[in-house]
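Have your viewer ready and a selection tool at hand. We will make a few stops, and at each one you will hear what to pick and what to look for.

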Amino acid sequence: MYIVTGGAGFIGSAMVWKLNQMGIDDILIVDNLASTEKWKNLVNLRYEDYVHRNQFYKLMLEGDDPFETDAVIHMGACSSTTELDADFLMENNYRYTQMLCRFCLNHDVRFINASSAATYGDGRFGFDDNHDGIDQLQPMNMYGYSKQLFDLWAKRGGVLDKLVSLKFFNVFGPNEYHKDDMRSVICKAHSQIGETGEMKLFKSYKPEYPHGGQKRDFVYIKDCVDVMWWFLQNPDKNGIFNIGTGQAREWNELANSVFAAMNVKPNLSYIEMPESIRDKYQYFTQANMSKLVAAGYDKPFTSLEDAAKDYVQNYLAQEDPYLKS
């Protein structure tokens, strides 16, 4: 059985979709649906069962493996970069991940964990996923710090060669609709352009970056799950790895790709960035992908333009925009 924590969330449900594409439906979904709209991500997918996060936590603490697990794909965490409850993030993102990792190590189960590019902070120390450099990283928000803590714990414990921790950059694609303000700009832009014919981007507050000229490494969700599937097929490949395209692109370029996918003439304006996030804003991110390539992964990543076209035309513009098995 494959266990996918956060299996009703964005990356988690996309990974369930990928497993379904590969003919696998012996999958246990672990999540906390509560009163959210995440359940809609599961409607078109095939899986064996669903277990609430708290119940699953208790089962893991008992120390047995009642599921005869092949792999735990741990995408379950609070993904909000603006979450201010540090105690909640410590428990939900850090302690919970520790517990799952110990369970997998004790039962010889493949463990794939979601880290984050937020661990790199403002990028002053670069975006290299080598293990020697992670100690100096300084995340700019508590979410990034909670992810950094697990990577440091795994390094100190000498277990990085027994697990995979993936630093996802700016992921976008189907099944993110429940994320409200944490949805990708492409997802928000499709609605905004459809309603007003215009797209708004944040102004820049650094002279070296023009308005909309801030750069991020935007990576399509389908590429992310392809990488995770590759790690499942290559259990000898372990450690911390970046998941991005390796190419930073401007927000203006992203906006133009959405306008093109919608066949609408570009119409951009720039608004003030909220003061609450100005000093924590990443102006540039670009994954160094050489480590993944050296490990043997050779599938090309989808270009921003092609990914935006697929996402907009085959999902956002459809009545049922969810991934389907």
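Select helix 5 together with strand 7 (170-172), strand 8 (199-202), helix 7 (251-262) and helix 10 (304-316): the buried residues of helix 5 pack against these four elements. Keep in mind that this is a predicted model.

Now show side chains on helix 5. The buried ones to pick are Ile186, Cys187, Ala189, His190 and Ile193. They sit on the same side of helix 5, because they cover an arc of only 165° around the axis. Turn to the other side of helix 5 and you will find Glu195 and Thr196, both exposed.

How far apart are the end C-alpha atoms of helix 5? The distance is 15 Å, which agrees with the 16 Å that its 12 residues (185-196) should span at 1.5 Å a residue. Step just past the helix to Gly197, which follows helix 5 and has a positive phi, near 75°.

For the next stop, select Asp129, in the loop between strand 5 (110-116) and helix 4 (142-156). Asp129 is buried, yet has no salt bridge. Which side chain of opposite charge is nearest to Asp129? That is Lys291, 4.9 Å away, while a salt bridge would need the side-chain nitrogen within 4 Å of a carboxyl oxygen.

Next, display Asn242: its backbone nitrogen lies 2.8 Å from a polar atom of the Asp129 side chain. To finish the view, add the residues in contact with Asp129 beyond its neighbours within four places in sequence: Tyr120, Ile240, Phe241, Asn242, Asn288 and Lys291.

Note on methods: Residues are numbered from 1 along each chain as its sequence is written. This is a predicted model: local features need pLDDT of at least 70, side-chain atom pairs count only at pLDDT 80 or more; totals for chains, interfaces and linings use all residues. Side-chain values use heavy atoms; hydrogens and water are left out. Helices (H or I, at least four residues) and strands (E, at least two) are DSSP runs, numbered from the N terminus. Buried means under 20% relative accessible area, exposed over 50%, partly exposed in between (1.4 Å probe, protein chains only). Lys and Arg count as positive and Asp and Glu as negative; His and the chain ends are not counted. A polar contact is a pair of N or O atoms within 3.5 Å; within protein, one must be able to donate a hydrogen and the other to accept it, and residues adjacent in sequence count only if both atoms are side-chain atoms. Contact means heavy atoms within 4.5 Å. The expected span of a helix is 1.5 Å times one less than its number of residues. The arc is that of the directions from the helix axis to the C-beta atoms.
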